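Biologist: I'd like to learn how to read a model like this one. Could you walk me through it?

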Amino acid sequence: MKNAFIILVLSVLFVSCKQEIKPEDIAKLNGYWEIEKVVFDKGEEKDYGMNESFDYFDIKNNKGIRKKVMPQFDGTFLTSDSFENVSVRFKGDQVFLDYKTDYAKWSEELISVSDEKLVVKNKEKKEYHYKKAGPVNLLDDGKKTK
């Protein structure tokens, strides 16, 4: 009985700590995101240092794209023609990012999003933690980066 009470209290605490994501928060997804770490379902973490690629989101009216981009030394990004269509789906108090390509469909739950941080969880219960990224000009040539 005592264990059941503790589990109930912890469950309520866990649920109450989750960010409530509103439709107006979806615009915060737009831009460049660099992965910081992955938290696995058993709690282990894998930290990422410098990344060769970022995720770029462009979403309007709950539909858009996500593509991988590679930052360059001059502050620009190298891109390809590959991308994933993204739809935002609200289901009760949960928000999902539904991805679709010519070859696959999958979803991730949007756990939290702010101007600087993004957390999504896939069906394997892996949480991907991102930080907002932008162009980095390592050439120090005085040119403004885009």
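Biologist: How much surface does the protein expose, and what share of it do carbon and sulfur atoms supply?

Modeller: In this predicted model, the exposed surface comes to about 10400 Å². Carbon and sulfur atoms supply 55% of that area. As for the inside, buried residues make up 29% of the 146 residues.

Biologist: Which elements make up the secondary structure?

Modeller: There are 1 helix and 10 strands. Reading from the N terminus, the helix comes before the strands, in the order α-β-β-β-β-β-β-β-β-β-β.

Biologist: And how should I read the core?

Modeller: Start with the general idea: in soluble globular proteins, nonpolar side chains tend to be buried together. Here, the largest nonpolar core has 19 residues, and Ile26, Leu29, Phe57, Leu97, Leu110 and Leu118 touch the most other members. Several strands give two or more residues to this core, among them E1 (31-39), E3 (54-60), E7 (94-100) and E9 (117-121).

Biologist: Which residues is Phe57 in contact with, leaving aside its neighbours within four places in sequence?

Modeller: Its partners are Leu29, Asn30, Gly31, Trp33, Ile65, Arg66, Leu97, Tyr99 and Leu118. For the whole protein, take contacts between residues at least 6 apart in sequence: 44% of them join residues at least 24 apart.

Biologist: What is the mean pLDDT of the protein?

Modeller: The mean is 86, and 79% of the residues reach 70 or more. Look with care at residues 4-16, where the pLDDT is below 50. Beyond near neighbours in sequence, that stretch has 0 contacts in the model.

Note on methods: Residues are numbered from 1 along each chain as its sequence is written. This is a predicted model: local features need pLDDT of at least 70, side-chain atom pairs count only at pLDDT 80 or more; totals for chains, interfaces and linings use all residues. Side-chain values use heavy atoms; hydrogens and water are left out. A nonpolar core is a set of buried Ala, Val, Leu, Ile, Met, Phe, Trp, Tyr and Cys residues joined through side-chain atoms within 4.5 Å. Buried means under 20% relative accessible area, exposed over 50%, partly exposed in between (1.4 Å probe, protein chains only). Helices (H or I, at least four residues) and strands (E, at least two) are DSSP runs, numbered from the N terminus. Contact means heavy atoms within 4.5 Å. Accessible areas come from the Shrake-Rupley method with a 1.4 Å probe; for residues, only the protein chains shown count as cover. pLDDT is the predictor's confidence in each residue, from 0 to 100.
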